[in-house]
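Reader: I'm new to looking at proteins in 3D, and I'd love a close look at one part of this one. Could you start with a pair of helices and then follow the neighbours from there?

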Amino acid sequence: MMIDASAQPAPDVLAVVCVPTFRRPAMLRDTLASLAAQRTAISFRVLVIDNDADGRDGLAVAEATFAEGPLRGAALLEPQQGNCHAINAALRQAGQLFPDARYLLMIDDDEIASPEWLDRMVATAEAEKADIVGGPVFSTFSTQPHPGLAAHPVFWPAYDRSGSVPMIYGSGNFLVRQAARLRLANPEFDVAFNFLGGGDTDFFTRCKRAGFRFYWNQEARIDETVPPTRANARWVLQRSMRIGAINYRLDQSADARGPIRAIGKNVLLVPLSLYRGAKRLIASGSLLQASHPPAIALGRILASLGVEGKQYRAKTTAEAKAKAGTLS
């Protein structure tokens, strides 16, 4: 665990950018470089949370980056594996280290912030009196994608124009007003979504129920690198099914009638998903894109039977060695 001295409580810090990271040291270095290149007069700090208790490469990259300057911040280890654990540690520690910071922002360790990203997110929050601001994450493929893959809905941003929105869905590019977050009965991501995904959607759903004001800034752009492991039909289909499982779980927890409503929705979505898939096939000519609605419906049905994919469950070093037969 490392905390840079320059990251100690400072009343002039307006914003804290949180970066959860897990086994992506080269990508993290690029993410931090994009934050160092922000064209802004805003006083901000960066908080890196390394979620790899085995390797801790993220800590090493952050420590070296902060030592070189001009980026200032802190790096900490969250030993409990899981995206929600890492995000909770980031938001919690940001609040403790910088209690006077007005805004907390989030960017993933495989993303690159545009030079005006921070300015645009903060300016939007202040001008629109928004509690939460979201922005688009555009996918950049590291290899030539399969035809139809780049235009698949799982790689689309939630919105395509700036304005007030009912809510946002992803944690890869968002700002939350720290005072608003602390008004929540539970201001953390639900760790039950750690490896399924959807902890961000659950969090923003609770924010919506609490009356938070959401705004979308289409110009606050972030670019995400899509590795070959995700640029394929299998991963995309699994992702579509996982969206269905997440939606089913969220429907179940909505209120006392949630479980009954979730089952009823499953029944209705089967024929509807086939209709939507056919429409998408006619419009796009892509079977992969057309499979998205039916795959979501299938994911919901499997979740109702207790079957959920864990796409974000990574093996520890010991588990990887055991699988390879190197441990007795």
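At what angle do the axes of helix 1 (residues 25-36) and helix 2 (residues 57-68) cross, and within what distance do they come?

Author: Happy to take you there! First, this is a predicted model, in which local features need pLDDT of at least 70 and side-chain atom pairs count only at pLDDT 80 or more, while totals for chains, interfaces and linings use all residues. Residues are numbered from 1 along each chain as its sequence is written, and side-chain values use heavy atoms, without hydrogens or water.

Now your pair. Helix 1 and helix 2 cross at roughly 30 degrees, and their axes come within 9 Å (axes are lines fitted to C-alpha atoms, over the stretch in contact for helices, with angles from 0 to 180 degrees between N-to-C directions). Because of that angle, helix 1 counts as roughly parallel to helix 2 (the label for angles under 35 degrees). On the helix 1 side, Pro25, Leu28, Arg29 and Leu32 make the contact (heavy atoms within 4.5 Å). Helix 2 answers with Asp57, Gly58, Val61, Ala62 and Thr65. Both helices are DSSP runs (H or I, at least four residues), as are the strands below (E, at least two), numbered from the N terminus.

Next, turn to what helix 1 lies across. Three strands take that place: strand 1 (15-21), strand 2 (44-50) and strand 4, with helix 1 running at about 170 degrees to strand 1. Strands 1, 2 and 4 belong to an open sheet of 8 strands with mixed pairing, whose order is 3-2-1-4-9-6-10-8. Strands pair here if DSSP finds at least two bridges between them. Strand 3 (73-77) and strand 8 (163-165) form the edges, each pairing on one side only. On average, neighbouring strands of this sheet are turned by 25 degrees against each other, direction ignored.

Walk along that order from strand 4 (residues 103-107) and you meet strand 9. These two pair in the antiparallel sense over 5 bridges, and Ile107 stands opposite Asn173 in strand 9. Strand 6 also pairs with strand 9 in the antiparallel sense, over 3 bridges; there Val133 stands opposite Leu175 of strand 9.

Strand 9 is worth a pause: 5 of its 5 residues are buried (under 20% relative accessible area, with a 1.4 Å probe and protein chains only). One of its sides carries Asn173, Leu175 and Arg177, the other Phe174 and Val176, and both faces are covered.

Farther along comes the edge pairing of strand 8 with strand 10, antiparallel over 3 bridges. Gly163 has Trp216 in strand 10 as its bridge partner.

Strands 9, 6 and 10 also bring us to another helix. What covers the buried residues of helix 6 (199-209) includes strand 6 (132-134), strand 9 (173-177) and strand 10 (214-216), along with helix 3 (83-97) and helix 7 (233-252). Helix 6 is mostly covered, with 9 of its 11 residues buried. They are Gly199, Asp200, Thr201, Asp202, Phe203, Phe204, Thr205, Arg206 and Cys207. Just after helix 6, look for Gly211, which takes a positive phi of about 90 degrees.

One last stop is strand 11 (residues 222-226). Ile222, Glu224 and Val226 make up its covered face, whereas Asp223 and Thr225 sit on the uncovered one. Strand 5 (residues 111-113) runs antiparallel to strand 11, joined by 3 bridges, with Glu111 partnered by Glu224. Strand 7 (residues 137-141) runs parallel to strand 11, joined by 5 bridges, and there Phe141 has Val226 as its bridge partner.

Technical notes
Buried < 20%, exposed > 50% of the residue type's maximum accessible area, 1.4 Å probe, protein only. Parallel < 35°, antiparallel > 145°, perpendicular 65-115°, else oblique.
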